[in-house]
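Here are a few notes to help you find your way around. Please keep the sequence and the 3D view open as you read.

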Amino acid sequence: MSKTKHKTAPVEGMIDATDFVELKRDMQSAKVIAWLQYNQQQLIAAGIVVVLALVGYALWQEQQQSQKESAALMYIQASNTANDDERFALLDSVIKSYPDSGYAILAYLQKSAAQDVETRKAALQALMNHKGAPEFVWQAKLDLAELYFTEGDITKAKALLESRLGKHYEQARFAMLANMTTDMNEKIEWIQKALAAESHDHDLQARLEAELARLKASR
């Protein structure tokens, strides 16, 4: 008697691959919905914080723009004032009202050219202490050192030139240090350093070369 192979009948309600993917997707959606419902208050609070942050940033930008415009108007008014006392009073107002602005730096620059020596010193010192571009600090050091040197205060002048400046300011620093020493060998050394530094002043370069040739000839 032959054995008959019976085909297995498909199970009613069997889940195929497509149904499984859809089921998985439904489960994930349910989890997301449940998570959103559970964290609804936190999400609303976070949304409010984001909106407030955006509004605050927009108001801050508007305030910064307003302050910049006010500082510009005050600085222009000062620049157009012929009377020195009135001009410096307005420049002081710019510095006091907008200390961190670029117009405060411009105000210090104007005051650094004042006729009064003490006013110039104070302005240059303020530029050195300002949190602006380092170029202003380096130039202020050179200018204040030259001012002290002119007054005969070599110690203070040299102290300002002890540390390195930006590469575009090093030649001027070395040249000033050469002028401040009476020792011939030291002077030659400073001039050689100045000539080796990056130069943007052809007249200074020519003077240094002539001075070095003179010193070497007089040895």
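1. What should the 18 residues of helix 6 (residues 134-151) span at 1.5 Å a residue? The model is a predicted one, and here the expected figure is 26 Å. The end C-alpha atoms of helix 6 are 26 Å apart, which agrees.

2. Stay with helix 6 for its buried residues: Val137, Ala140, Lys141, Leu142, Leu144, Ala145, Leu147 and Tyr148. An α-helix has 3.6 residues a turn, so residues three or four places apart point the same way. The buried residues of helix 6 pack against helix 5 (117-129), helix 7 (154-160) and helix 8 (170-179).

3. Do look just past the end of helix 6 as well. Gly152 follows there, with a positive phi of about 90 degrees.

4. Next, find Phe174 in helix 8. Phe174 has a relative accessible area of 9%, and because buried means under 20%, Phe174 counts as buried. Leaving aside residues up to four places away in sequence, Phe174 touches Trp190, Lys193, Ala194 and Ala197. Ile191 is 17 residues from Phe174 along the chain, yet their C-alpha atoms are separated by 6.6 Å.

5. Finally, visit the largest pocket, which has a volume of about 360 Å³. Its lining has 16 residues, and Ala172, Ala175, Met176, Asn179 and Leu204 lie nearest the centre. Helix 6, helix 8, helix 9 (184-196) and helix 10 (202-217) each contribute at least two lining residues. By type, the lining of the largest pocket has nine nonpolar, two polar and five charged residues.

Methods
Residues numbered from 1 in each chain as written. Predicted model: local features only at pLDDT ≥ 70, side-chain atom pairs only at ≥ 80, totals over all residues. Heavy atoms only, no water. Helix = DSSP H or I, 4+ residues; strand = E, 2+ residues; numbered from the N terminus. Expected span 1.5 Å × (residues − 1). Buried < 20%, exposed > 50% of the residue type's maximum accessible area, 1.4 Å probe, protein only. Contact = heavy atoms within 4.5 Å. 1 Å grid on protein atoms, 1.4 Å probe; cavity = no way out; pocket = protein on both sides within 12 Å on 5 of 7 lines; lining within 4 Å. Points joined across faces, edges and corners; volume = space filled by probe spheres on them. Nonpolar A, V, L, I, M, F, W, Y, C, P; charged D, E, K, R; others polar.
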